[in-house]
Amino acid sequence: MYPIFRMIKGVAQSLRAEKLDFFDTHVSHHICWPWDLDFWFELNNGRTLTLFDLGRVPHSIRIGIIGLVRRKGWAMAVAGVSVRYRKRVRAFHKVEMHTRLIGWDERFVYMEQSLWRKGECTCNMLLRAAVTDKNGIVAPQKVPEAMGIDLQSPDLPAWVQSWIAADAERPWPPEPNPHETRP
């Protein structure tokens, strides 16, 4: 089940919190509840992706994007992720989530999110998102322009550029597995 009550709490807190500049980091605190666990009694990898919503939406509110998106009739869509899982998060562990905007290119916005426990990073995610309208993808540069902000994206770090290049090499649609038999 989607953590709707946690999201409501996060949104309410972000509406009361101080505004952030575009490239500031939003920090939120969470608890790994028993319903977040997998069969190994640790935070489920799929649930981790869902919980990262609890950082992205409040971050977007605090930097002013959500209000703009709603006014313009735009939407936001995740277009790709890469996650590194390094430390276990178990039931009732408290974690700190960091969410920040890295920059954008001509089509996508790139964000980084991470979970921290006792000063150690448990997982880190690079996310590519698109702002969309009824005609498709809205150029990310139009977002700060529509907000009346004269802002260009900083150069994307080399590791982000490498991920973009590697992901562009993947075939789409995926090629069928030659060893797979179909009825």
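**Exercise 1.** Find where F41 sits and what is unusual about its phi.

*Solution.* Start with the place: F41 is in the loop between β1 and α2. Helices here are DSSP runs of H or I with at least four residues, strands are E runs of at least two, and both are numbered from the N terminus. Next, look at the backbone: phi of F41 is near 60°, a positive value in a residue other than glycine.

Before going on, a word about the model. It's a predicted one, where local features need pLDDT of at least 70 and side-chain atom pairs count only at pLDDT 80 or more, while totals for chains, interfaces and linings use all residues. Residues are numbered from 1 along each chain as its sequence is written, and side-chain values use heavy atoms, with hydrogens and water left out.

**Exercise 2.** Work out how helices α1 and α2 are arranged.

*Solution.* Two packed helices are described by the angle between their axes and the distance between the axes. Step one: the axes of α1 (residues 4-16) and α2 (residues 45-62) come within 8 Å and cross at roughly 25°. (Axes are lines fitted to C-alpha atoms, for helices over the stretch in contact, and angles run from 0 to 180 degrees between N-to-C directions.) Step two: that makes α1 roughly parallel to α2, a label for angles under 35 degrees.

Step three: list who makes the contact, meaning heavy atoms within 4.5 Å. From α1 come R6, M7, G10, V11, S14 and L15, and from α2 come R47, L51, D53, L54, V57, P58, I61 and R62. Step four: sort these residues, and you get eight nonpolar, two polar and four charged. (Ala, Val, Leu, Ile, Met, Phe, Trp, Tyr, Cys and Pro count as nonpolar, Asp, Glu, Lys and Arg as charged, and the others, Gly among them, as polar.)

**Exercise 3.** Find which residue R47 forms a salt bridge with.

*Solution.* A salt bridge needs a side-chain nitrogen of Lys or Arg within 4 Å of a carboxyl oxygen of Asp or Glu. R47 forms one with D36, and the closest N and O atoms are 2.7 Å apart. R47 lies in α2 and D36 in the loop between β1 (26-31) and α2, so the pair ties together parts that are 11 residues apart in sequence.

**Exercise 4.** Locate the cis peptide bond next to P173.

*Solution.* That bond joins W172 and P173, with omega about 0°. P173 itself is in the segment after α5 (158-169).

Definitions and conventions:
Angles under 35 degrees count as roughly parallel, over 145 as roughly antiparallel, 65 to 115 as roughly perpendicular and the rest as oblique.
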